[in-house]
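Reader: I should like to learn how the terms used for a protein fold are justified. Could the explanation begin with the structure itself?

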Amino acid sequence: MAFRQMLRRSLSSERRTTSTSADIPKGHFAVYVGENEMKRFVIPLSYLNNPSFQELLHHAEEEFGFHHPMGGITIPCSEELFMDITSRMCRT
């Protein structure tokens, strides 16, 4: 799936009033990203193996521990940084 399609699907899911795991395709998971306003992104499980993404998860662990205010993994970085990192992962 192309990066733009993935983000489009995520943003359309965000607009729904309720969200369930049924919204997430097999082999993907949802994360919440942002510094003030959180946005939901659906990303491939393969990103978990990427050192750049692991660094984002490390920052999330330092900030939130195992309590994530959005109910899912919350990554405390700007949306622009997240999109930059994940778009580079898509190209490799």
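Author: Two strands pair if DSSP finds at least two bridges between them. The model discussed here is predicted. In it, Val33 of E1 has a bridge partner in E3, namely Ile75.

Reader: How do you know that E1 and E3 pair?

Author: Pairing requires at least two bridges, and E1 and E3, which covers residues 73-75, are joined by three bridges in the parallel sense. The requirement is therefore met. One of the residues involved is Val31, whose bridge partner in E3 is Ile73.

Reader: What makes E1 and E2 a pair, and in which sense do they run?

Author: Six bridges link E1 and E2, in the antiparallel sense; with at least two needed, they therefore count as paired. Val31 also takes part here, since its bridge partner in E2 is Phe41. The two strands form a hairpin with five residues between them, and Gly34 in the turn has a positive phi of about 150°.

Reader: Why is the pairing of the sheet called mixed?

Author: Strands of a sheet pair through backbone hydrogen bonds, either parallel or antiparallel. Here E1 pairs with E2 in the antiparallel sense and with E3 in the parallel sense. The three strands form an open sheet in the order E2-E1-E3. E2 and E3 stand at the edges with a single partner strand each, so one side of each has no neighbour in the sheet. On average, neighbouring strands are turned by 40° against each other, direction ignored.

Reader: What makes a set of residues here a nonpolar core?

Author: Such a core consists of buried residues of certain types, Val, Ile, Leu and Phe among them, joined through side-chain atoms within 4.5 Å. The largest one has 13 residues, and those with the most contacts inside it include Val31, Ile43, Phe53 and Ile75. E1, E2, H2 and H3 each supply at least two residues of this core. E1 is mostly covered, with five of its six residues buried, where buried means under 20% relative accessible area.

Reader: How do you know which residues Ile75 touches?

Author: Contact means heavy atoms within 4.5 Å. Not counting residues up to four places away in sequence, Ile75 touches Val31, Val33, Phe53, Leu56 and Phe82, among others.

Reader: Where do H2 and H3 lie?

Author: H2 lies across E1, E2 and E3, running at about 100° to E3. H3 also lies across these strands, running at about 10° to E2.

Technical notes. Residues are numbered from 1 along each chain as its sequence is written. This is a predicted model: local features need pLDDT of at least 70, side-chain atom pairs count only at pLDDT 80 or more; totals for chains, interfaces and linings use all residues. Side-chain values use heavy atoms; hydrogens and water are left out. Buried means under 20% relative accessible area, exposed over 50%, partly exposed in between (1.4 Å probe, protein chains only). Helices (H or I, at least four residues) and strands (E, at least two) are DSSP runs, numbered from the N terminus. Axes are lines fitted to C-alpha atoms, for helices over the stretch in contact, and angles run from 0 to 180 degrees between N-to-C directions.
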